[in-house]
Amino acid sequence: MDDLLRWREEFPILSRCVYMISNSLGAMPRGVYEKLKEFADLWATEGVVAWEKWVPLVTETGDVLAEILGAPRGTIILHQNVAALLAIVGSALDFSGGKRKIVYTAGEFPSCHYYWKAQERLGAKVEVVPLAKDGVSADMERLLQAIDERTLIVPTSLVLFRSAAIVDAKAIIEKAHRVGAYVLLDAYQATGTIPLDVTKLGVDFVVGGSVKWLCGGPGAGYLYVRPDLISRLEPAACGWFSHRKPFDFSLDAIDYAPSIWRFVGGSPNVPGLYSARSGYEIIRKIGVEKIRAKSKQQIARLVERAREIGLTVNTPTDPEKRGGTITVDFQGSDAACKELIKRKFIVDYRPKAGIRISPHFYNTDEECDAIMDEIKKIRSGK
Ligand SMILES: Cc1ncc(COP(=O)(O)O)c(C=O)c1O
């Protein structure tokens, strides 16, 4: 008996459908009802005094994540989403000097590409390295070659969103640090399904969000900054909570908070902080190592079944090089995905990739088999 299955009853949606889309929106833990009620009750009964509990949640929630990510306390803040956090980190960088190159692969999530590319108007020079010949993985040789003395930052996903290919972050960090460049890791597709120790890795920044494998819902993006970097960076995208003494309401030039708060900016998204908590606590309790071990087994099972029924698998073949998703493709996969959803198998489709299937710790092996049986039926017109 798989002991992780005892968590199933904590996730109401699992009794309604085969939910295999945790790479996109993780199932909602039932505890979220209580957490959001707690938020509403505080607002209703304490009014403005509630801020005294709400504001500290920015770093208190970050500290729960810190345990999952191997970060020291006080190095993670929560914000609305990755796009906003990239803008904050980017605003602390100088693209006007000789060191202005930004290097990443063609596998990045589009909003990351849009953001960095838009910094060219401030002087940045973006180099996008094409993917490897397999079309699904990073071309590590070319990527490492592109990181040179002119490179300022290497923003890279740890797991590519289309193919779930794992990127060799350690090699990137080694090379980047050798030439004096920063590395910003987008761990969105990894956190909660792949063990990560940001301290051991020595990475400079980590961004991500809570909607996927963390089962934390929307509006809770996170930013980790390496402790020794925090006080050396001055984000131009700042707000009153970035100030050392926000409640002085000073109109002099900003005196930055000496802590991670300098990256916070304006008022936090409080309901997002409440809804994120239950998922984090469950993941922390289970431990990501255990989740990864189960995920590897289930993905292997899905890969085997996909091959048996003649699907193209657009995910790396080596289990050590793929995250928690298997992407399968075939003629008509876009329409088949819509049909699967109608039949209550919840997955998604991405162009140039196929149907993404993502079991999490709460899925059964029988569900993995059932989804492949259903794809087989749909393909044969049943
Ligand atoms: C790797 C990756 N980065 C970023 C995002 C989204 O970022 P944001 O929080 O800005 O919506 C996603 C998916 O939604 C993603 O898969």
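**Stop 1: the ligand**

Select the ligand in this predicted model, then show its surroundings. The shell holds 13 residues, and N81, V82, A83, F109 and F161 come nearest to the ligand. Colour the shell by residue class: 6 residues are nonpolar, 6 are polar and 1 is charged. Now switch to the cartoon view. Which helices each supply at least two residues of the shell? Select α4, residues 82–90, and α5, residues 110–118.

**Stop 2: the open sheet**

Next, select the strands of the open sheet. There are 7, and the pairing is mixed. Walk across in the order β2-β8-β7-β6-β5-β3-β4. As you go, follow the twist, which averages 20° from one strand to the next.

Pause at the two ends of the walk. Why is one side of β2 and of β4 left without a neighbour in the sheet? Select β2 (76–79) and β4 (125–129): both stand at the edges and each has a single partner strand, so one side of each is left open in the sheet.

Move inward to β3, residues 101–105, and β5, residues 151–157. How do β3 and β5 pair, parallel or antiparallel? The pairing is parallel, over 2 bridges. For one of these strand contacts, select I102 and find its bridge partner I153 in β5.

**Stop 3: two helices**

Select α1, residues 31–46, together with α10, residues 270–286. Their axes come within 8 Å and cross at roughly 150°. An angle over 145 degrees counts as roughly antiparallel, and therefore α1 is roughly antiparallel to α10. The crossing of α1 and α10 is right-handed.

Now show the side chains at the contact. From α1, pick G31, V32, K35, L36, E38 and F39. From α10, pick V270, P271, Y274, S275, R277 and S278, which the α1 residues meet. Colour this contact by class: 6 residues are nonpolar, 3 are polar and 3 are charged.

**Stop 4: β9, β10 and β13**

Go on to β10, residues 326–329. Add β9, residues 312–313; β9 and β10 run antiparallel and are joined by 2 bridges. Select T312 and look for its bridge partner in β10, D329.

Then add β13, residues 354–357. How many bridges link β10 and β13? There are 3, and this pairing is antiparallel. To see the two strands face each other, select V328 and then I355 in β13, which stands opposite V328. Turn on hydrogen bonds to finish: strands of a sheet pair through backbone hydrogen bonds, either parallel or antiparallel.

Note on methods: Residues numbered from 1 in each chain as written. Predicted model: local features only at pLDDT ≥ 70, side-chain atom pairs only at ≥ 80, totals over all residues. Near = placed C-beta within 6 Å. Helix = DSSP H or I, 4+ residues; strand = E, 2+ residues; numbered from the N terminus. Nonpolar A, V, L, I, M, F, W, Y, C, P; charged D, E, K, R; others polar. Axes fitted to C-alpha atoms, helices over the stretch in contact; angles between N-to-C directions. Parallel < 35°, antiparallel > 145°, perpendicular 65-115°, else oblique. Left-handed = near helix turned anticlockwise from the far one by under 90°. Contact = placed C-beta atoms within 7 Å. Pairing = 2+ DSSP bridges.
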